[in-house]
Amino acid sequence: MYLANFLDKLFKYDGFILIDSNSNKFVIGKPLKEKPIELKLLDKSLNYKLLLYPDLYFGEAYTNGSLKIENGTLTEFLDITLKNIGRGEINIYNRILNKLKGTFRYLTNFNKIIESKKNVNHHYDISEELYDLFLDSHRQYSCAYFKNENDTLEEAQVNKIDHIIKKLNIKPNQKVLDIGSGWGTLGIEIAKKTKATVTGITLSKNQLEYSNNKAKEMNLSNQVEFKLIDYRQLNEKFNRIVSVGMFEHVGRKYYKTYFNTVSKLLKDKGVALIHTIGSTNPPRDPQPWITKYIFPGGYTPSLSELALPIENSGLIISDVEVLRMHYSHTLRHWKERFLSNKNLILEKFDEKFIRMWEFYLASCEMVFKWGDLVVYQMQLSKDNTSVPNTRDYIY
């Protein structure tokens with residue numbers, strides 16, 4: 001069986017039992033457990049699909065139930081698998097298909113304003129209650145900041161907000177723009193902690209309504225305003241600009257537009273902080289399963305893809321911090337909360353949806369642990385005097 005031979009060569013550490021659709025068993029690698037994980041293929045076509053294009057077909061098979069994992073969890077299987085793959089490609093077939101799909105997507109994907117709204121609505125407006133079942137109490141849907149990995153999710157999300165506020169070095173009464181303001185927590189906390197005025201923008205109607213209600217509830221409506229508007233439609237100046245978890249949705253064609261817009265909106269002595277998922281590898285094509293089912297229009301850039309459009313916009317990169325294991329820990333918390341609330345989620349969605357989101361959360365957790373994904377926090381300014389010369393003011 002070609003698939004078994006290929007997998008056996010791939011797995012240098014640990015292993016599992018592969019059972020094909022005819023109940024034939026194959027030992028893959030060198031399983032460390034006395035009772036190894038079993039991967040059962042219930043569809044004959046997976047024998048070649050998982051060989052040719054595992055990046056797409058493994059997630060689809062797990063979601064539709066034509067692939068099952070026994071004697072262990074999906075997370076345990078992906079932990080072993082991603083440890084063996086690391087930051088590399090699975091095989092030449094997978095790389096070629098990713099390149100073909102990635103090139104086609106680049107040529108045909110236009111994240112114009114109306115398309116960006118559709119992409120946001122696809123993910124963020126599916127159900128308000130869903131996000132309350134796995135996010136922290138303030139609905140922070142971005143990488144938390146773990147001072148140690150035993151921090152609770154709530155503690156780590158507060159850490160993240162405080163870390164960003166300190167990096168922005170905000171003064172009272174300054175004007176702050178939050179691009180991609182989510183459910184409003186960051187903007188509201190900035191207003192509370194710094195006495196600045198905040199404008200948050202989103203393309204999600206659900207998030208807009210929630211954010212404005214939250215600001216009103218906290219008596220901050222005179223200090224915080226949320227708008228349903230695309231960043232390209234703004235035309236005013238701000239002392240500080242922050243964007244957390246939005247840049248991944250900009251699209252490669254629009255990096256120049258994005259940073260030119262940030263430069264245009266930022267005052268001469270202003271400071272911006274862009275927090276985005278990125279890759280430590282050279283530029284590569286989008287992960288096909290994630291872009292098809294979870295984040296249409298999404299892309300995680302390499303650092304090299306960010307530097308040139310920033311430089312050309314006239315902005316200065318005054319600081320870059322790379323958050324490594326933080327998102328893996330964040331996703332672990334989200335996944336555990338999601339699965340612990342499975343029965344409540346089943347009241348609105350079906351088993352297929354549960355498996356799809358479990359795969360999304362678990363696979364991303366493991367790619368941040370073993371693969372090429374990190375979070376970049378880029379501090380940008382227009383001159384060398386906009387921020388202090390050392391990081392002491394942050395810590």
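This section describes helix packing, nonpolar cores and backbone conformation in a predicted model.

Helix 14, spanning residues 326–340, packs with helix 16, residues 351–370, at an angle of about 160°, and the two axes lie 8 Å apart. Since angles over 145 degrees count as roughly antiparallel, the two helices are therefore assigned a roughly antiparallel arrangement. The crossing of helix 14 with helix 16 is left-handed. On the side of helix 14, the contact is formed by Y327, S328, L331, R332, W334, K335, F338 and L339. Helix 16 contributes F353, I354, W357, E358, L361, A362, C364, E365, F368 and K369 to this contact. In terms of residue class, the contact comprises 12 nonpolar, 1 polar and 5 charged residues. In general, an α-helix has 3.6 residues a turn, so residues three or four places apart point the same way.

The largest nonpolar core of the model contains 62 residues, of which L67, Y141, W357 and Y360 touch the most other members. Helix 16 gives the most to this core, supplying 11 residues. A second core, separate from the largest, consists of 28 residues, including I229, L234, L266 and Y376. W357 thus appears both in the contact between helix 14 and helix 16 and among the residues of the largest core that touch the most other members.

Helix 3 (residues 54–64) is largely enclosed by the rest of the structure, because 9 of its 11 residues are buried. The buried set consists of P54, D55, L56, F58, G59, E60, A61, Y62 and T63. Among them are the charged residues D55 and E60. Just after helix 3, the backbone adopts a positive phi of about 85° at G65.

Positive phi values also occur outside glycine. Most residues other than glycine have a negative phi. D14, with phi near 60°, is a residue other than glycine with a positive value. This residue, D14, is placed in the loop between helix 1 (2–10) and strand 1 (15–19). Its relative accessibility is 12%, so D14 counts as buried. S23 likewise has a positive phi, near 70°, and is not a glycine. The loop between strand 1 and strand 2 (25–29) holds S23. At a relative accessibility of 57%, S23 counts as exposed. Strand 1 is therefore flanked by the loop of D14, a buried residue, and by the loop of S23, an exposed one.

Terms used:
Residues numbered from 1 in each chain as written. Predicted model: local features only at pLDDT ≥ 70, side-chain atom pairs only at ≥ 80, totals over all residues. Heavy atoms only, no water. Buried < 20%, exposed > 50% of the residue type's maximum accessible area, 1.4 Å probe, protein only. Helix = DSSP H or I, 4+ residues; strand = E, 2+ residues; numbered from the N terminus. Axes fitted to C-alpha atoms, helices over the stretch in contact; angles between N-to-C directions. Parallel < 35°, antiparallel > 145°, perpendicular 65-115°, else oblique. Left-handed = near helix turned anticlockwise from the far one by under 90°. Contact = heavy atoms within 4.5 Å. Core = buried A, V, L, I, M, F, W, Y, C linked by side-chain atoms within 4.5 Å.
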